[in-house]
There are 2 protein chains.
Amino acid sequence: MSIRIGIYGYGNLGRGVEAAIRQSSDLSLVAVFTRRDPATVQLRTPGVPVYHADKAPSMKDDIDVMILCGGSATDLPTQTPDLARYFNVIDSFDTHARIPEHFASVDAAANASGHVAVISVGWDPGLFSLNRLYGGAILPEGEDYTFWGKGVSQGHSDAIRRVPGVADAKQYTIPVEAALEAVRAGKAPRLTTREKHVRECFVVAEEGADKAAIEAEIKAMPNYFADYDTTVHFITKEELQRDHAGIPHGGFVIRSGRTGFEKEHSHVIEYSLKLDSNPEFTSSVLVAYARAAYRLHREGGVGCKTVLDIPPAYLSPKSGDELRAQLL
Amino acid sequence: MSIRIGIYGYGNLGRGVEAAIRQSSDLSLVAVFTRRDPATVQLRTPGVPVYHADKAPSMKDDIDVMILCGGSATDLPTQTPDLARYFNVIDSFDTHARIPEHFASVDAAANASGHVAVISVGWDPGLFSLNRLYGGAILPEGEDYTFWGKGVSQGHSDAIRRVPGVADAKQYTIPVEAALEAVRAGKAPRLTTREKHVRECFVVAEEGADKAAIEAEIKAMPNYFADYDTTVHFITKEELQRDHAGIPHGGFVIRSGRTGFEKEHSHVIEYSLKLDSNPEFTSSVLVAYARAAYRLHREGGVGCKTVLDIPPAYLSPKSGDELRAQLL
């Protein structure tokens, strides 16, 4: 019998989860829940019903794991604890600074209902966090570096779109190659924000807009651009659609450390991702952790977990015997 | 109170464990056990006793985790199950094909005595296995690639030293850059043994030896060199000592996979190690897993585990709260 999955929220992430479930024969999609009018939502998977979000609790016995595909700003802080009353849940809550608070509220709900919740699943937080943990535990004397990109930052693209005179925009975060090389060489450099990443913006201006003023306003934007070397390119709407339609992303987690009685040996551990589709990859991570949540719950686990707590083998459909024989 | 560690076997790996323990304030080295005359073994850590291996069982109440630093060919198959009768144990058993058999014998011993054993800890098997597992679970439709090097292969160096006329030798395994690039580009190439790695040999010939005959014999050696493009350099004993004294190693695990309803998106996950000292890095992994074994045992865990079974957070001295706040 396959693990019965529900999807709660059907945007880019929800569609990615739908696609990822088709790649795993031990999982089946039971239903998609939306706050929109369900009649307006068209799935890609034949035969799977779309229900209004309000109906979710009534299906608590039909779904083994609910995968939450809402946003971190306003959706997940309430949705994850709410739904943990009825289901094992997975979310991709990614506001790093608010993780402890989110953990506490989800943990309380999951413990009260006897479910497993796994929060902050994805690649950062998620796979990058795992690599920061393994790297630091193995090389306790060393430095951690995280670089993001080359990829599209949704938040920065949105910030540009709010500038007067901007019709549309896409922003790429790009690691500085010289900084990456210094880290890889074990030089343990201290890097400023500006030295680590550059920002490249592709902007469609409204007709008659003052491009120089737009460029100046973008480059001066505090937090988003002021601390970076930022390049602004003005392009047409057609060019934006043709050349910048994708949502690629990726990045690097590097641990550089020393061992030996005199700290005479250097070691570099590097983990990197190069992703054609940020939401589809994140969805694939969510789906693997849904399998883990189901297993943990079946074994009597309860409460809130993160990727740091989950035994790796729980992500795989293979048995322990198979894993040891085939890939250890 | 710190976690009390014993070291069983004091070669390169044992010395690496001794050094690694000094980098972790929650661990303390209680004793080193050797099959040699203990009087001939000089530790680097003041005040730590060296005992004969036979004395180990009598210290079962003084040691929380015994780290086994013997070889996979003849030492660990008997030592790990034997010592699991008295201690929580960690080993670096690395004969991939015999892992299931080793697991079974260690699991029986550890279950009978109520201890935790973690086998095949290191980087391959070990960290590379973890990355093969995570990569395959997240991108189920894709290909796995493992490359080793650039680094010294002890087994291949030994094989060269057995050739008549060879006084000493060091062999480097080197990944083929073009193969790595094709894999990184998401091309999912099918690669032969020869296309993945080259082998470079630095050989000190005995005086008057027939160098052409030595080179021909090395290059024709089945399993070791015949399937590879192999280069042989003859150098002096002094050059070997000056330029090839280290034991560097490393490698790459790459997962290339596709997502999307039409498999339209490619993703590449790459994990790589660049190690100045293969034994010291392996030792650092062993020590982190010793911490995990102690915690698992304290929570009632028993039996044989591998890196695939261990929750990542167990490797770190930090609490769950600290990990979530600082590195998730």
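**Two copies and the spaces between**

Chain A averages a pLDDT (the predictor's confidence in each residue, from 0 to 100) of 97, with 100% of the residues scoring at least 70. This is a predicted model, where local features need pLDDT of at least 70, side-chain atom pairs count only at pLDDT 80 or more, and totals for chains, interfaces and linings use all residues. Residues are numbered from 1 along each chain as written, chains are lettered from A in the order written, and side-chain values use heavy atoms, without hydrogens and water.

User: What kind of axis relates the two copies?
Analyst: Superpose by least squares on the C-alpha atoms of residues with pLDDT of at least 70 in both. Chain B then lands on chain A with an RMSD of 0.1 Å, after a turn of 180° and a shift of 0.0 Å along the axis. The copies are thus related as by a two-fold rotation axis.

User: Which elements give two or more residues to the lining of the largest cavity?
Analyst: A cavity is a set of points on a 1 Å grid over the protein atoms alone where a 1.4 Å probe fits but can't get out, and lining residues have an atom within 4 Å of a point. The lining of the largest one includes L127(A), Y134(A), L127(B) and Y134(B). Counting helices as DSSP runs (H or I, at least four residues) numbered from the N terminus, the elements are helix 4 (127-138) of chain A and helix 4 (127-138) of chain B.

User: Which element gives the most to the lining of the second largest cavity?
Analyst: That lining includes S284(A), V287(A) and P140(B). Helix 10 (278-298) of chain A and helix 4 of chain B each supply at least two residues. With four residues, the top giver is helix 10 of chain A.

Key: On a 1 Å grid over the protein atoms alone, a cavity is a set of points where a 1.4 Å probe fits but cannot get out, and a pocket is an open set with protein on both sides within 12 Å along at least five of seven lines; lining residues have an atom within 4 Å of a point.
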